[in-house]
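These are my notebook entries from going through the coordinates, one topic at a time. I kept each entry short and wrote down what I looked up.

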Amino acid sequence: MAVNINENPPKPLDTPLPLPKEIAAGLDDVSKRTEWNRSAPAEYALPTEIWREVVARRKRYEEVREKLAKGEIRDINDFITYNLDIRQLAQDVIETSEGPELLRAFYRAIEKVTVLDPTCGSGAFLFAALNILEPLYEACLDRMQVFLDELDRSGEKHRPEKYSDFKKVLAQVEKHPNRRYFILKSIIVNNLYGVDIMEEAIEICKLRLFLKLVAQVEDANKIEPLPDIDFNIRAGNTLVGFATYDEVKKAVTSKLDFENTMDRIEEQAKDIDRLFKRFHEQQTAIGGEITPDDKQELRKRLIVLEDELNRHLAIEYGVDMRKKVGFEKWQDSHRPFHWFIEFYGILKNGGFDVIIGNPPYVEYIKVKKDYTIHGYQTESAGNLYAFMTERALSLQHKNGSFGFIVPISLVCTQRMEALQKTIAASSEIIWLSNYAERPSKLFVGAEVLLTIVLTRAGHNNANYFTTGFTKWAAEERADLFNRIEYQHVQNKVKPYVIGKLSEEIESRIIAKLLEQGKQLGYYLRSNSKYPVYYRIGGGRYWKIFTNFQPRFVLNGKNSVSSRENYLHFENAALRDAAITLLSSSLFYWYFIITTNCRDLNPSDLNDFPIKMEAMSETHSSKLVQLCSDLMSDYQKTSQQKEKTSSLTGHIKYQEFYPRLSKPILDEIDRVLAKHYGFTDEELDFIINYDIKYRMGRGADDGED
């Protein structure tokens, strides 16, 4: 959808306060950014912002505003990329529409848009969709009334049918207790669809929607019969069943078919769809009343066709249809949901316009005892959220939009490469925003690092846009999504890694790293006298590597932590240079943008780009000396901690505080910057990456 922004130019913004001189001095001179890591006062900053963040946010606003002024932001995709308010834009266009045709087009589109949550639970995402659609309906009705009022005031002669469609809609509104009731009822009946495997969740979802409606009626005598949405909000297994016509046809025609089974199935599906449409119309435009017989007839026809499709599907699963008990057991455990017939009309018209949700993050192996999937390209991913995503995309309209909240593993783990390819194959553009679980989290009680994936359907080479790894405190939540900033991903660091980039400068740094042509793993040996010690898990903000064995005492005896791991090098100089490399802010940044931001796997170390032999003698010697300084500082500032575990017993261990060694780490990054050829701006970015959290309270390794 193209949008001419210049017809509705953005409102002028208030002129921001000028930056203090000591902050403004660093805009063009990196060496003068000495105050940029201090907290900024409230008149300049959003909650918890430091000056560095204030400057970055202002720069982004200026860039977006300039693009708007130049007309460079032209379509809906651009609005997502630049994180602008699409709903507000749509509302503004409706409210300022000068001709009836645009208003008609908007209202027809809003009436017909189909929103699906394929794992809807108690309906949180459907409620969010309702809240977005409501002001758009309201704006359309208001504008229709304006056109009619202006026509009456004009006194001009006009055809009786002029604006007759507006009159008809507004007349329908008058038949309901109030306008808001009409709007909410229209959305619930016409726009919202959901499926969940838990029947109790479905009932709660429907009840919540009904309560929302009833709450709009002040006079109990004006309560009209509640809409019946049993065929909108359904119980069943999203992952098991025939989703499309092609899937049914493949199953049916794979066997000898002398009775034109496929034609008969499709005709039955069409009949069910005709009943379903009438069922809807009786609750909205016609204003009719649903009879128990109407509903029973629709349900009866659905059951007959469901039973036939269940039999075709069971054969694909290898069920012996001669054994009735076995078939019934399979049917009870798998609970097939055949999208092809349950939402025949929507899928026949191309699919759902918008698919949203928060699928379960469950390993497939945990549900295999209950049910299995069949025919999924993403089965190797091994998690239900991957299968749910694939299923959702198969139900999407060719011009549709998709949005799921999923674990961050989507963008950085090898087994999710199949899912990435599935998403890319059906998408024109993919937006990925990434979120930490500390200090605050998207979902209370869920210790999961998350990615929100949004797509616009298409079959070209998908363009990727991504954010950095977003951290925030509870008081920042109100501004969290407003501050999203997407970066275009031009090259993947690895085939299955979509880098978590927060600024354009990071793409340039990545390019310089990849110019090395070698990786740290090239220099590793299977065993040697020169090990590097590190923890597999380790801290959230610091990764600690040492050339000495950290102290660890288990039940009074010197021991080694089960979380400890090793890298081996052929000589001490190479080992110590590697320690400085892995201790650097450069490596921490690389680790965050390329991994799940938590676990330190061997491949994360082995794949780090470095060509040791290309390093000058001056730089390599300096790194060896800095390693000695760092190890001494680690020892000096470390503390002995104790804890008792029911599994392991009493433990004494050496805890390190790398933030206290930041000056040494900064010097390491300065040496590495010369080796990689970083500019002063790039070095400044690396040294200060995630600085607010890395140097803040609770940032030390021991407080993970």
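Entry on E476. I looked up the accessibility of E476 and found the residue buried, because its relative accessible area of 3% lies under the 20% limit. I note here that the model is predicted, so I read every value below as a property of that model. For the partner of this side chain I found K692, with which E476 meets in a salt bridge at 3.8 Å, N to O. The pair links distant parts of the chain, since E476 sits in the loop between β8 (463-470) and β9 (487-489), while K692 belongs to helix α25 (residues 691-694), 216 residues apart. I then followed the charges outward and found that E476 and K692 are linked with E49, E53, R57 and R483 in a network of salt bridges.

Entry on the other salt bridges. How many salt bridges does the count come to? I noted 56 by the rule I used. One of them joins D228 and K295, whose closest N and O atoms are 2.8 Å apart. I placed D228 in the loop between α9 (199-214) and β3 (233-235) and K295 in helix α12 (residues 292-316), so that this pair, too, links distant parts of the chain, with the two positions 67 residues apart. I checked accessibility for both partners, and both D228 and K295 are buried.

For a local pair I turned to D307 and R311, which form a salt bridge with their closest N and O atoms 3.3 Å apart. The two residues are separated by about one helical turn, because they are four residues apart in helix α12. Are D307 and R311 buried, partly exposed or exposed? D307 counts as partly exposed at 30% relative accessibility, and R311 counts as partly exposed at 38%.

Entry on nonpolar cores. I looked up the largest nonpolar core, which holds 133 residues, and noted that W339, F352, L586 and W589 touch the most other members. Helix α20 (residues 585-594) gives the largest share of this core, eight residues. I listed the contacts of L586, leaving out residues up to four places away in sequence, and found I509, L513, F608, D669, L672, Y676, F678 and I686. Apart from the largest core lies another one, of 50 residues, and among its members I noted V173, Y181, I183 and I188.

Entry on cavities. I searched for enclosed space and the count came to two cavities of 30 Å³ or more. The largest cavity contains about 60 Å³ of space, and I wrote down its lining as F231, R234, I272, D273, F276, L302, I341, E342, F343, Y344 and G345. Which element supplies the largest share of that lining? I found α11, with three residues, and noted that α11 (261-281), α14 (339-342) and α15 (344-348) each supply at least two. By class, I recorded seven nonpolar, one polar and three charged residues in this lining.

The second largest cavity contains about 40 Å³ of space, and its lining consists of L410, Q420, I423, I430, L432, Y464 and I498. The elements that give two or more residues to this lining are α17 (417-425) and β6 (427-435). By class, the lining of the second largest cavity has six nonpolar residues, one polar residue and no charged residues.

Entry on backbone geometry. I looked up the peptide bonds and found a cis bond joining R438 and P439, with omega at about 0 degrees. P439 is found in the loop between β6 and β7 (450-457).

I also looked up positive phi values outside glycine. T48 has a positive phi of about 70 degrees although the residue is not a glycine, and T48 is found in the loop between α1 (21-24) and α2 (51-70). With a relative accessible area of 29%, T48 is partly exposed. R335 is another non-glycine residue with a positive phi, near 45 degrees, and I placed R335 in the loop between α13 (324-334) and α14. R335 is partly exposed, with a relative accessible area of 26%.

Terms used
Residues are numbered from 1 along each chain as its sequence is written. This is a predicted model: local features need pLDDT of at least 70, side-chain atom pairs count only at pLDDT 80 or more; totals for chains, interfaces and linings use all residues. Side-chain values use heavy atoms; hydrogens and water are left out. On a 1 Å grid over the protein atoms alone, a cavity is a set of points where a 1.4 Å probe fits but cannot get out, and a pocket is an open set with protein on both sides within 12 Å along at least five of seven lines; lining residues have an atom within 4 Å of a point. Grid points are joined across faces, edges and corners, and a volume is the space filled by probe spheres set on the points. Ala, Val, Leu, Ile, Met, Phe, Trp, Tyr, Cys and Pro count as nonpolar, Asp, Glu, Lys and Arg as charged, and the others, Gly among them, as polar. Buried means under 20% relative accessible area, exposed over 50%, partly exposed in between (1.4 Å probe, protein chains only). A nonpolar core is a set of buried Ala, Val, Leu, Ile, Met, Phe, Trp, Tyr and Cys residues joined through side-chain atoms within 4.5 Å. Contact means heavy atoms within 4.5 Å. A salt bridge is a side-chain nitrogen of Lys or Arg within 4 Å of a carboxyl oxygen of Asp or Glu.
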